[in-house]
Amino acid sequence: MVKIIIVGASSGIGKKVAEAFASRGIKVGLAARHTANLKKLKEQYPDNVEYASIDVTHINAPKLLNELIEKTGGMDIYFHVAGIGYDNPELDPQREAEIINTNAVGFARMIASAYNYFKASGCPGCIAAVTSVAGTNGIGKLSAYSASKRCAQTYLVALEQLAHNQGIDVKFTDIRPGWIRTPLLKSDRSYPLEMTLDYAVPLIIKAIVRHPRIAYIDWRWGVVAALWKSIPNALWTRMFLPMSSPKKQ
């Protein structure tokens with residue numbers, strides 16, 4: 001039986017992906033800071049689900065991850081979706097630091113732990129992680145968020161090179177969504193090219209299973225990212241990017 005570990009499974013994308021895999025008879029180990037929803041999924045699929053409380057910002061997270069892997073009976077796929085993000089044009093220093101700590105420091109801590117598991121086991125594996133289209137370039141209102149996602153994308157490239165150098169059989173998939181209607185989005189705002197979870201999650205699952213190197217969710221955001229990449233910094237830094245607008249009543 002295929003075994004997948006999902007870190008960040010308590011809500012949004014992670015929760016939907018966990019439900020989809022568990023319902024298909026796949027063994028899933030779930031982790032998040034808050035475990036109420038994980039416990040419910042365990043009760044619904046008792047033979048397919050294990051779970052643990054893990055905060056990716058804590059130094060004991062790798063130890064807890066290894067314990068969850070053991071409880072799950074191993075790991076074939078590691079899926080990282082834990083992250084936070086806020087508009088912060090006022091540059092509240094504490095909020096900026098929290099975003100970087102979760103999305104960059106916590107990301108590196110957990111991805112490195114997953115990599116080390118596959119390295120030590122000698123078994124082939126897959127590491128899939130949700131970054132963001134926002135990592136394509138620095139976005140003023142999302143300064144820490146876009147920077148942290150660029151860091152995550154670069155980290156995956158670095159580990160892919162390391163895997164080749166060390167002869168480790170690990171495949172990497174960088175999943176880059178645009179706006180998806182999750183609890184991270186403000187309920188009273190609309191976002192450009194916004195997608196529902198029901199639309200986006202099947203595309204994300206396809207990327208996890210087929211493991212392309214980069215998967216934009218969806219194709220429209222791939223076009224947007226290509227356009228953003230082509231804009232010189234001298235022009236980019238003078239652009240105004242509308243992040244959201246009030247919902248129409």
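This report walks through the cysteines, the aromatic pairs and one arginine of a predicted model.

**Cysteines**

Let us start with sulfur. A disulfide is a covalent bond between the sulfur atoms of two cysteines. How many disulfides does the count come to? The count comes to zero disulfides. Cys126 shows why: the closest cysteine sulfur belongs to Cys123 and lies 12 Å from the sulfur of Cys126, too far for a bond. For a disulfide, the two sulfur atoms would have to be within 2.5 Å.

Is Cys126 buried or exposed? Cys126 is buried, as its relative accessible area is 14%. Cys151, in turn, has a relative accessibility of 36% and counts as partly exposed.

**Aromatic pairs**

Next come the rings. A pair of aromatic rings is described by the distance of the centres and the angle of the planes. The count here comes to three aromatic pairs. One of them joins Phe107 and Tyr155: the ring centres are 6.4 Å apart and the planes stand at 80 degrees, so this pair is edge-to-face. Where do the two residues sit? Phe107 belongs to helix H4 (residues 93–121) and Tyr155 to helix H5 (residues 143–166), so the pair ties together parts that are 48 residues apart in sequence.

Another edge-to-face pair is formed by Tyr117 and Phe118, with 5.5 Å from centre to centre and 70 degrees between the planes.

How open are these four aromatic residues to their surroundings? The table lists each one with its value.

| Residue | Relative accessible area | Class |
|---|---|---|
| Phe107 | 3% | buried |
| Tyr155 | 23% | partly exposed |
| Tyr117 | 22% | partly exposed |
| Phe118 | 1% | buried |

Read pair by pair, buried Phe107 meets partly exposed Tyr155. Likewise, Phe118 is buried, while its partner Tyr117 is partly exposed.

**Arg176**

Our last stop is an arginine. Arg176 is found in strand E6, which covers residues 170–177. Is Arg176 buried or exposed? With a relative accessibility of 9%, Arg176 counts as buried; the reason is that buried means under 20% relative accessible area.

Which side chain shares a polar contact with that of Arg176? The partner is Tyr216, and the polar contact is 3.2 Å. Leaving aside residues up to four places away in sequence, Arg176 also touches a set of residues that includes Thr131, Ser132 and Val133. Gln153 and Lys229 are among the residues touched by Arg176 too, as are Ile214, Ala215 and Ile217. Tyr216, the polar partner of Arg176, appears in this set as well.

Conventions
Residues are numbered from 1 along each chain as its sequence is written. Side-chain values use heavy atoms; hydrogens and water are left out. Buried means under 20% relative accessible area, exposed over 50%, partly exposed in between (1.4 Å probe, protein chains only). Rings of Phe, Tyr and Trp (its six-membered ring) pair if their centres lie within 6.5 Å; planes under 30 degrees apart count as stacked, over 60 as edge-to-face and the rest as tilted. Helices (H or I, at least four residues) and strands (E, at least two) are DSSP runs, numbered from the N terminus. A polar contact is a pair of N or O atoms within 3.5 Å; within protein, one must be able to donate a hydrogen and the other to accept it, and residues adjacent in sequence count only if both atoms are side-chain atoms. Contact means heavy atoms within 4.5 Å.
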